[in-house]
Amino acid sequence: MTIYVDSLFLINAALNGLLLLGSARLGGAPVRRWRLLAAAALGGLYAVGCVLPGLSLLGSLPGKLISLGAMALCAFGARRETGKLALLFLVLSVALAGVVVAMVQVFGTGLLVVGGAAYYPVSGRVLLLTAAVLYVLSRTVFTRLLQHAGGGLVAVELQAGGRAVKLTALRDTGCTLRDPATNRGVLVAEWRAARALAPPAAAAALEPGRLGDPASLLPELTAAAPEGKWRLIPYRAVGTAGGLLLAMACDSIRVENRTTPGGVVAFSPTPVSDGGSYTALIGGSV
């Protein structure tokens, strides 16, 4: 069996790109495409290096761990969550390898060992399709399974432009809102929090009646207080086919003793609690 270096690079780069994207989706990490492309290319180069003469050490366990760490840092940066994201990437990679091994066993296509690494003679199209299926699963089913257990009340502090708001939030596994621009989880707070957190020039406009029509309110807020980095977050709820919530960017979100730079809070024009014991909802990925 002949291994073509260009095909090996392209297939592995594409696979790594899909698996890294799936890891970001699972971990609720911001997706920066240029970083993912660079990390995917790094993975492709690593695969090529493993078959080149004199570079067999790349296929050893230390070489694999160094490659994993380098790809994770390239894709996600030096962040506290990078270790978790690297582990997710490893889990997805092992899952893909397991599926490919099963296919080889079923169809009896055998394997080729080069430089201590196994190469399965499965077409690039099948490999990419398998990786794409894993990505779809990570984007839908697995994301729900990895949400934190719900039902507990947590202390939350939002900060923006020197203003701070303290809330009691319910950790709700059903709250899976994400910012389409960054893929980060979104906290949902009652409208009163909007007035306390928003820039003074925008606070007067943030009342329940107007928050019920966020699309018409957005241009006014963007003109009056652009520092709020206002946006619209799509959502679906029981009895509601779909809708939009007004949201703004935060400088930081503190949940219990953990502070996360950045973040997004969306504002509900109606109470989120029947009894008033909490005034915000937070999903497992915030």
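Which residues does Asp179 touch, not counting residues up to four places away in sequence?

## Asp179 and its surroundings

Asp179 touches Arg184, Val186, Arg231, Ile233 and Val264, leaving aside residues up to four places away in sequence, where contact means heavy atoms within 4.5 Å. This is a predicted model, in which local features need pLDDT of at least 70 and side-chain atom pairs count only at pLDDT 80 or more, while totals for chains, interfaces and linings use all residues. Residues are numbered from 1 along each chain as its sequence is written, and side-chain values use heavy atoms, with hydrogens and water left out.

Asp179 lies in the loop between strand S4 (163–171) and strand S5 (186–190); strands here are DSSP runs (E, at least two residues), as helices are (H or I, at least four), numbered from the N terminus. Asp179 has a relative accessible area of 3% and is therefore buried (under 20%, against over 50% for exposed and in between for partly exposed, with a 1.4 Å probe and protein chains only). The side chains of Asp179 and Arg231 are joined by a polar contact of 2.6 Å (a pair of N or O atoms within 3.5 Å, one able to donate a hydrogen and the other to accept it, with residues adjacent in sequence counting only if both atoms are side-chain atoms).

## Lys64 in helix H3

Lys64, found in helix H3 (residues 61–76), is partly exposed because its relative accessible area is 46%. Not counting residues up to four places away in sequence, Lys64 touches Tyr46, Leu58 and Gly59.
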